[in-house]
Amino acid sequence: MITPQLTQLAYRLGTINQFKTNEVGQNRFVYSPTWIDAQKQLIKWGLELRFQVNVDDFGTTYLDIPGTTEPKNVIATGSHIDTVAQGGKYDGLYGVLGGLQSIENLVAAFGQPKKTLRLISFSEEEGSRFPDTFTGSKHYTGQPVDLNMQDPAGIHFDDARKSAIANLMLPGTNHELPQLPATFTELHIEQGPRLINQGLQIGLVTAIVGQRRYTVTVKGIANHAGTTPMNDRADALQQAVDLILALRNAAHQLKPDLTFTVGEMHISPNTSNVVPGLVTFTIDCRNNDEAVLDRFEHIIHQIVETPAAAKISSSVNRWAKSNVTHLDDQLAQNNQLLADQLGLKSVQLASGAGHDSQIMAKVTRTTMIFVPSINGISHAPEENTSQADLLRGVELLSASLHQQAY
Ligand code: HGY
Ligand code: MN
Ligand code: MN
Ligand code: MN
């Protein structure tokens, strides 16, 4: 039986996911046209539903229902509106629209809350366009973001930001950085196989893995594929392949659960009959032990900076780092009790994916609620969660927000 909330949630998810580029999957990069359409649509829904709408100068959008007796005491939920390249329909967006649905349901059923209820749609979390991650939640929590960083097309973050948010200044919206909340709860898909494999419906997140991202640059000499002798080449791609293999083996030897991913590579001049002269590739590595990430960072420098064959040089630059983060135990336990009362099968677990919650946890009590990912797939068009599980997450979030704000 499709309940009204589910129809509403499915409709809103479908509406925003239709703002597509002609690429496969969702490609809602921060400050892109699809990003503007999505954030604008959320603002319109917020205004229609009589939320107080605020857009900060990074484009993060806050939808408030002011509290009657303790308006300064803010109970917040939310997630990020941007996606990875060729991403799925639920990563981030489910937490934004599930949070909207939850607050809308609560106000319809119980009227205005005592404390202010806030939905947050963070401008950017993935790091898929500019070389930094979590820029929306970093800005909200007062952490520095380099406004001069550039995307691969050479566009500056600050220029993209300014022109995008000009589209969000709709009549009836405020434009300031709102105060921090007393608690923050992020509703999110698990993005992994544990809940679905164990037949569980809810994950209560106790910690978030530490993650670091690097770009390795390998400089060789572009040359003719046919006339350059095999023993006299400065082939940047060959060197990059050797480095990647050495790094992967080192990661496994250091700690088998240290995740190591090379997800992006650029070859220049990227032509079939030219020995590559320049290659860059990214490294994404994660672990729940900060000391392991420190040790691996040392190993990365050792391997990359060891002098290679003549005429080839390599260097490495770290452009993102978020620490292992422990979330609020009390909030997780409260939510587990609520899940039990709702008859939901739940488990406490750590997250292998990064989330805005690890930024929010630096400034306020923070917790996360996971729902299962079918086949454990995420960051891909096949990302999927059953309608029933989507609703169960909203149900538990609603119970948690009700317990805190009414
Ligand atoms: O990459 C991550 O873990 C997150 O989805 N940004
Ligand atoms: Mn996410
Ligand atoms: Mn993601
Ligand atoms: Mn996130």
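The following exchange examines how terms are applied to the ligand and metal sites of a predicted model.

User: What conventions apply to this model?
Analyst: The model is predicted, so local features need pLDDT of at least 70 and side-chain atom pairs count only at pLDDT 80 or more, while totals for chains, interfaces and linings use all residues. Residues are numbered from 1 along each chain as its sequence is written, chains are lettered from A and ligands numbered from 1 in the order in which they are written, and side-chain values use heavy atoms, with hydrogens and water left out.

User: What makes His80, Asp91 and His188 donors of the manganese ion (ligand 2)?
Analyst: Donors are N, O and S atoms within 2.8 Å of the metal (3.2 Å for Na, K and Ca); water is not among the atoms, so sites may look incomplete. His80 (NE2), Asp91 (OD) and His188 (NE2) coordinate the manganese ion (ligand 2) at 2.0 to 2.3 Å, and therefore they meet the cut-off for donors. Their spacing along the chain is H-x10-D-x96-H. His80 belongs to strand β3 (residues 70-80) and Asp91 to the loop between β3 and α3 (93-110), so the pair ties together parts that are eleven residues apart in sequence. Helices (H or I, at least four residues) and strands (E, at least two) are DSSP runs, numbered from the N terminus.

User: Which residue bridges the manganese ion (ligand 3) and the manganese ion (ligand 2)?
Analyst: Asp91 bridges these two ions, which lie 3.5 Å apart. The manganese ion (ligand 3) is coordinated by Asp91 (OD), Glu126 (OE), Glu126 (OE) and His379 (NE2), at 2.1 to 2.7 Å. Its donor residues are spaced D-x34-E-x252-H in sequence.

User: Why does the pairing of ligand 1 with Glu125 count as a polar contact?
Analyst: A polar contact is a pair of N or O atoms within 3.5 Å; within protein, one must be able to donate a hydrogen and the other to accept it, and residues adjacent in sequence count only if both atoms are side-chain atoms. A nitrogen atom of ligand 1 is 2.9 Å from an N or O atom in the side chain of Glu125, so the pair qualifies. For Glu126, the corresponding distance from a nitrogen atom of ligand 1 is 2.8 Å. An oxygen atom of ligand 1 is 3.0 Å from an N or O atom in the side chain of His379.

User: What is notable about the peptide bond between Ser268 and Pro269?
Analyst: This bond is cis, with omega about 10°. Pro269 lies in the loop between β11 (265-268) and β12 (274-275). Most peptide bonds are trans.
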